[in-house]
Amino acid sequence: MSLFDHYYSYDPGYGYSLDDLLSVPAPQEPADFSRFWRDKYQKTLTVSPQFSLNYQCLRAGYRVYDISYQSTDGFRIAGWLLEPDAQPITRSIVVGHGYGGREQPDFHLSIPGAALLFPCFRGISRSRCERLPDQPNQHVVQGIDDPNHYVIGGCVEDLWLAVTVLGERYPAIANKIGYMGISFGGGIGALAAPWDARIKRVHLNVPTFGNQPLRLSLPTSGSAAALKAYSQNHHNVFDTLAYYDAAVSARYAIQPLHAAVALFDPVVAPPGQFAIYNAWAADKLLFILDAGHFDYPRQHDQERQLIAELQHFFGESSL
């Protein structure tokens with residue numbers, strides 16, 4: 001029986017109990033998985049982000065800047081930087097967005113002493129460009145025939161360079177950088193963080209790209225559906241996706257994790273979300289959402305509770 005009334009032709013709970021979800025594994029990985037990501041990371045570190053800032057306004061206790069920086073392959077990444085106005089900056093956090101993009105920063109997070117960088121990943125929202133489609137179902141298959149040129153790898157590099165920007169902007173607290181990301185941004189974070197020791201603490205909210213073989217076997221209305229359709233005529237897709245499995249990457253994690261994962265989600269199937277949490281190799285905290293990508297009765301209460309937990313998780317002096 002479904003947890004909620006819905007109009008989907010499939011059950012967004014997929015018949016999994018909580019015990020079932022907590023047992024979903026990561027799939028087998030390619031023999032050179034670790035080397036693939038470590039090489040990509042080291043190559044990205046050679047790029048100078050050459051960031052630029054343009055002050056916009058004071059809002060909700062933050063100085064708001066437009067920001068842009070150089071990423072790999074000549075992509076210019078744009079977004080926002082929020083700096084607390086009335087308190088010292090004691091930490092910084094990169095905040096990733098979902099596949100719907102981002103039209104403005106989140107002003108409600110209120111992490112004590114945190115500067116917040118909101119990059120738009122390549123091809124999306126403020127980082128739209130002629131070289132990439134901005135629609136999720138087209139974006140997610142861009143370059144997928146070659147693991148070295150898959151757009152998702154480029155988005156991971158955008159994140160790593162966002163970390164570089166924060167290190168350059170705040171050198172005195174370069175050892176206090178965190179990451180939080182939702183949905184698409186959660187999957188990007190799970191792929192990126194295990195290889196980047198500069199990131200000290202991670203929050204993932206309904207993250208995607210977990211257990212790709214299982215993910216593509218389940219019906220969804222998200223990017224997995226586009227990948228599944230594309231794979232019908234491009235069978236080497238699975239060879240590339242083996243390198244872009246967030247649950248496999250999680251096996252290499254070194255940072256504490258706070259994960260918000262859902263029991264019911266029509267866009268990012270819960271078994272894939274839990275696969276990332278289950279495989280995460282470092283200390284981890286679990287926050288169970290009734291649903292993701294779906295309106296539900298306890299949603300606002302759970303969101304308030306989640307924000308309170310994140311303020312504590314990222315506000316700890318150890319970051």
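This is a short talk on two helices, one buried aspartate and two cysteines in the structure above.

Hi everyone, and thanks for coming. Before we start, please keep in mind that this is a predicted model.

Let's begin with helix 2, which runs over residues 33-44. How far apart are its end C-alpha atoms? They are 17 Å apart, and at 1.5 Å a residue we would expect the 12 residues of this helix to span 16 Å, so the two values agree.

Now look at which of its side chains are hidden. F33, S34, F36, W37, K40, Y41 and T44 are buried in helix 2. If you look down the axis of helix 2, these buried residues fall within an arc of 165°, so they line one face of the helix. Turn to the other side of helix 2 and you find R35 and K43, which are exposed.

What covers the buried residues of helix 2? The cover includes helix 4, helix 5 and helix 9, the last of these being residues 246-250. Two of those helices deserve a stop of their own.

Helix 5 is residues 184-192. Nine of its nine residues are buried, so helix 5 is largely enclosed by the rest of the structure. If you want to find them in the viewer, the buried residues include F184, I188 and L191, along with the glycines G185, G186, G187 and G189. The alanines A190 and A192 are buried in helix 5 too.

Next is helix 4, residues 151-169, and here I'd like to pick out D158. Is D158 buried or exposed? It counts as buried, because its relative accessibility is 0%. Which side chain does D158 meet in a polar contact? That would be R122, with a polar contact of 2.8 Å joining the two side chains. Leaving aside residues up to four places away in sequence, D158 touches Y69, S71, I77 and F121 as well as R122.

Last, the cysteines. How many disulfides does a search of the whole structure find? It finds zero. Take C57, which is in no disulfide: the nearest cysteine sulfur belongs to C120 and is 16 Å away. C57 is partly exposed, with a relative accessible area of 31%. C120 is in no disulfide either, and for C120 the nearest cysteine sulfur is that of C155, 11 Å away. A disulfide needs sulfur atoms within 2.5 Å. Unlike partly exposed C57, C120 is buried, with a relative accessible area of 0%.

That's my tour, and I'm happy to go back to any of these spots.

Terms used: Residues numbered from 1 in each chain as written. Predicted model: local features only at pLDDT ≥ 70, side-chain atom pairs only at ≥ 80, totals over all residues. Heavy atoms only, no water. Buried < 20%, exposed > 50% of the residue type's maximum accessible area, 1.4 Å probe, protein only. Helix = DSSP H or I, 4+ residues; strand = E, 2+ residues; numbered from the N terminus. Polar contact = N/O pair within 3.5 Å; in protein donor to acceptor, adjacent residues only side chain to side chain. Contact = heavy atoms within 4.5 Å. Expected span 1.5 Å × (residues − 1). Arc of directions from axis to C-beta.
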